[in-house]
There are 2 protein chains.
Amino acid sequence: MASTDKPADTEYRSSLSTPAQAAGVDYFKFDVILRFFLFAASLVSVVVMVTGNQTKFLPFPRPAKFRYSPALVYFVAALSVTGLYSIITILASLYALKNPALKTKLLLHFLLWDALILGIIASATGTAGSVAYLGLKGNDHTGWVKICNVYDKFCRHVGASVAVALFGSIVTVLLIWLSAHSIHNRVPK
Amino acid sequence: MASTDKPADTEYRSSLSTPAQAAGVDYFKFDVILRFFLFAASLVSVVVMVTGNQTKFLPFPRPAKFRYSPALVYFVAALSVTGLYSIITILASLYALKNPALKTKLLLHFLLWDALILGIIASATGTAGSVAYLGLKGNDHTGWVKICNVYDKFCRHVGASVAVALFGSIVTVLLIWLSAHSIHNRVPK
């Protein structure tokens with residue numbers, strides 16, 4: 001029984017899953033998971049940053065908002081773009097899981113766009129991190145006073161948001177590595 | 001005459017330059033050129049930043065140095081690492097031009113490391129850009145005064161350095177795109 005089934009089975013397998021495609025399936029599952037992490041990181045980062053507003057009475061009310069700092073506005077914009085991008089690529093990745101023929105083309109496009117998104121999210125993390133550090137420590141040489149002793153909640157939110165964005169940057173690097181390995185391993189050796 | 005030469009010629013070609021290798025040669029030439037741009041950008045960026053020191057008498061001497069800002073110190077460190085990295089990869093790329101057998105393995109490693117370097121150079125550009133913008137415009141809400149009206153030379157140097165680093169970031173994205181296409185096009189279709 002088993003031996004008579006074998007040729008058909010082998011033929012079926014080779015038509016459906018060449019080594020490249022078989023490898024592709026695994027990679028794409030990791031890809032979806034990593035992209036979900038990226039989406040979660042972007043969402044958390046933006047929400048934490050936006051909800052950080054704090055008003056202190058010194059003695060008249062003086063609010064601290066992310067909108068007051070161009071650096072933090074850029075951060076929120078960049079992370080929102082990353083969030084939208086990750087939604088689109090999660091859908092594309094899920095679609096590719098069901099249509100293996102698309103995978104090869106898709107992996108290359110993922111890699112190209114991921115590199116761009118890495119540039120955006122890494123620069124945004126640096127930009128906001130720089131402002132967060134100034135808020136925390138100040139700078140005696142330029143006379144920029146620290147504000148985190150006053151706006152404690154605001155600073156906690158900014159700091160947490162930057163930390164989550166840093167995690168998002170690392171996830172994006174891992175996504176590029178995954179796509180690179182995936183494209184590389186497609187090649188018969 | 002021509003027809004008798006043909007078989008030997010074809011054999012010679014196919015042994016030396018498969019489609020993959022032929023493509024690899026072109027890509028590696030671009031690769032070396034782009035990496036040279038990256039090296040030049042890192043070098044110029046670091047030199048311009050380091051030579052930006054300026055002392056003003058207000059009325060006692062008050063110097064402005066990149067060393068006074070942790071953000072700019074990170075920037076110089078990151079761009080120095082990028083410069084060293086680009087020297088090493090230029091040598092590796094030149095070596096691969098003479099030893100085509102190495103190319104496939106090398107392209108993947110280039111791609112993985114380039115992604116890491118992109119994260120470093122993009123975050124450094126964001127970090128220094130954020131401080132440069134604060135120096136130029138200040139921030140009324142936090143009471144951080146602008147300093148570029150006083151330290152004009154220092155600010156010009158910081159601004160130019162950030163602009164050159166931004167160019168370096170774009171070159172790094174192009175390097176990743178080049179490696180990705182190169183790995184992708186190796187595959188027989």
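These exercises, each with a worked solution, deal with a predicted model of two chains, A and B.

**Exercise 1. Fold of chain A**

State how many helices and strands chain A has, and give their order along the sequence.

*Solution.* Start with the count. Chain A has five helices and two strands. Next, read along the sequence. The pattern is α-α-β-β-α-α-α. Then turn to packing. Chain A has 189 residues, and 44% of them count as buried. Finish with the contacts at a separation of 6 or more. In chain A, 80% of these join residues 24 or more positions apart.

**Exercise 2. Annotated regions against the model**

Find the residues of chain A that UniProt marks as "transmembrane region", and work out what secondary structure the model gives to residues 32-50 and 157-180.

*Solution.* Take the record before the coordinates. The unreviewed UniProt entry places "transmembrane region" at residues 32-50, 71-95, 115-136 and 157-180 of chain A. Now check two of these stretches. Residues 32-50 of chain A are 100% helix and 0% strand. The end C-alpha atoms of that stretch are 27 Å apart. Residues 157-180 of chain A are also 100% helix, with 0% strand. Here the end C-alpha atoms lie 35 Å apart.

The record holds a further feature. The unreviewed UniProt entry puts "domain: Casparian strip membrane protein" at residues 29-170 of chain A. In the model, residues 29-170 of chain A are 74% helix and 6% strand. The end C-alpha atoms of this range are 18 Å apart.

**Exercise 3. How the copies are related**

Determine what turn and what shift lay chain A on chain B, and name the axis.

*Solution.* Begin with the principle. Two copies of a chain are related by a rotation about an axis and a shift along it. Now insert the values. Chain A is laid on chain B by a turn of 180 degrees, with a shift of 0.0 Å along the axis and an RMSD of 0.0 Å. That is the relation of a two-fold axis.

Then look at the interface. Of the interface residues of chain A, 100% are also interface residues in chain B, so the copies meet through the same surface.

**Exercise 4. The disulfides**

Locate the disulfides, and decide whether the link of A:C148 and A:C155 is left-handed or right-handed.

*Solution.* Apply the cut-off: the two sulfur atoms must be within 2.5 Å. The sulfur atoms of A:C148 and A:C155 are 1.9 Å apart, and the pair forms a disulfide. In chain B, the sulfur atoms of B:C148 and B:C155 are 1.9 Å apart, and this pair forms a disulfide too. The count over all chains is two.

Next comes the torsion. The link of A:C148 and A:C155 has -80 degrees about the S-S bond and is left-handed. For B:C148 and B:C155 the value is -80 degrees, again left-handed.

Last, test for burial. The limit is under 20% relative accessible area. A:C148 has 13%, so A:C148 is buried. A:C155 has 16%, so A:C155 is buried. B:C148 and B:C155 are both buried.

**Exercise 5. Helix α4 of chain B**

Test whether the length of helix α4 of chain B agrees or disagrees with its number of residues.

*Solution.* Helix α4 of chain B runs over residues 103-137, which is 35 residues. At 1.5 Å a residue, the expected span is 51 Å. The end C-alpha atoms are 48 Å apart, which agrees. B:G138 follows α4(B), and its phi is positive, near 70 degrees.

Now pick a residue of this helix. B:V131 is found in helix α4 of chain B. Its relative accessibility is 10%, so B:V131 counts as buried. Leaving out residues up to four places away in sequence, B:V131 touches A:S130 and A:W144 in chain A, and B:S69 and B:A71 in chain B.

**Exercise 6. Two residues in other helices of chain B**

Say which backbone oxygen lies 2.8 Å from a polar side-chain atom of B:H157, and whether B:L43 is buried, partly exposed or exposed.

*Solution.* B:H157 is in helix α5 of chain B, residues 152-185. The backbone oxygen is that of B:V48. Beyond four places in sequence, B:H157 touches B:V48, B:T51 and B:G52.

B:L43 lies in helix α2 of chain B, residues 19-50. With a relative accessible area of 46%, B:L43 is partly exposed. B:L43 and B:S80 are 37 residues apart along the chain, and their C-alpha atoms are separated by 7.5 Å.

Definitions and conventions
Residues numbered from 1 in each chain as written. Chains lettered and ligands numbered in written order. Heavy atoms only, no water. Helix = DSSP H or I, 4+ residues; strand = E, 2+ residues; numbered from the N terminus. Polar contact = N/O pair within 3.5 Å; in protein donor to acceptor, adjacent residues only side chain to side chain. Contact = heavy atoms within 4.5 Å. Expected span 1.5 Å × (residues − 1). UniProt positions renumbered as here; feature names shortened; annotations may be inferred. Least-squares fit on C-alpha atoms with pLDDT ≥ 70 in both. Buried < 20%, exposed > 50% of the residue type's maximum accessible area, 1.4 Å probe, protein only.
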